[in-house]
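Q: I should like to learn how the packing of a model is read from its coordinates. May we work through it one feature at a time?

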Amino acid sequence: MRIFKTREDSLEFGLSFFLILGAVLGTVFCNGMSGEMKQELLVTEQSMVMTSALSETEFMELFLRILPKRLCTLMIIFLILSTTAAPFLLLLTVAYLGVSAAVMICPLTMEAGVLGIWKYLLLVFPQCLIYVPVGYLVLWWMPVKKKRLTVLSVIVLTMAVCLGAAIESLMNPWFLALLW
């Protein structure tokens, strides 16, 4: 344990390890479910996708539903970054991201096999071009490089998340309609 604490890259290692650990735990959780629970998870996931893909929701209505959720997530991460327990909380956050990604991917691969991975990519496609770089900056680059939040960085990251929510609201329903 002493070696882990003295390594300069210990946070990088910890973030990677906890992301993978979360993904493994999420996969084990999904595969350990009974057949009925797996089917219910798949049906629930498909109904959420179908509802958002086939609904006649207009862009502004969908945008106003998505934006507060994305901004709330970003604000929670900003709060985590501004605490003294940030490294520990970031490890828990990336573990949660790993678990949630695995729980999304498992039912899709149970239903469609390898094509389930492509379905997952279509679920997150246009908005991931914005959210992944923002996530990388706030969950990896800033903590590892010991960068602090500034007013400018908060504004830029918030505007990027708003752009991601707009892309998600505008383009994602089309991709989901192609998918299902």
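Q: Leaving aside neighbours within four places in sequence, which residues is L81 in contact with?
A: In this predicted model, L81 is in contact with A86, L90, V138, M142, P143 and L149.

Q: What is the wider setting of L81 and L90?
A: In soluble globular proteins, nonpolar side chains tend to be buried together. Here the largest nonpolar core has 17 residues, and L15, L81, L90 and V138 are those with the most contacts inside it. At least two residues of this core come from each of α2 (10–31), α4 (59–81), α5 (86–112), α6 (115–144) and α7 (151–179). A second core, separate and made up of 6 residues, includes F63, I66, L67 and A165.

Q: How is the length of α5 checked, and which of its residues are buried?
A: At 1.5 Å a residue, the 27 residues of α5 should span 39 Å, and the end C-alpha atoms are indeed 39 Å apart. An α-helix has 3.6 residues a turn, so residues three or four places apart point the same way. Among the buried residues of α5 are A86, L90, L91, V94, G98, A102 and C106. Just after α5, G113 takes a positive phi of about 70°.

Q: How many aromatic pairs does a search of the whole structure find?
A: The search finds 1. F17 and F18 form this pair, with 5.6 Å centre to centre and 85° between the planes. The arrangement is edge-to-face because planes over 60 degrees apart count as such.

Q: Are F17 and F18 buried or exposed?
A: F17 is partly exposed, at a relative accessible area of 42%; F18 is also partly exposed, at 25%.

Technical notes:
Residues numbered from 1 in each chain as written. Predicted model: local features only at pLDDT ≥ 70, side-chain atom pairs only at ≥ 80, totals over all residues. Heavy atoms only, no water. Core = buried A, V, L, I, M, F, W, Y, C linked by side-chain atoms within 4.5 Å. Buried < 20%, exposed > 50% of the residue type's maximum accessible area, 1.4 Å probe, protein only. Helix = DSSP H or I, 4+ residues; strand = E, 2+ residues; numbered from the N terminus. Contact = heavy atoms within 4.5 Å. Phe/Tyr/Trp six-rings, centres within 6.5 Å; stacked < 30°, edge-to-face > 60°. Expected span 1.5 Å × (residues − 1).
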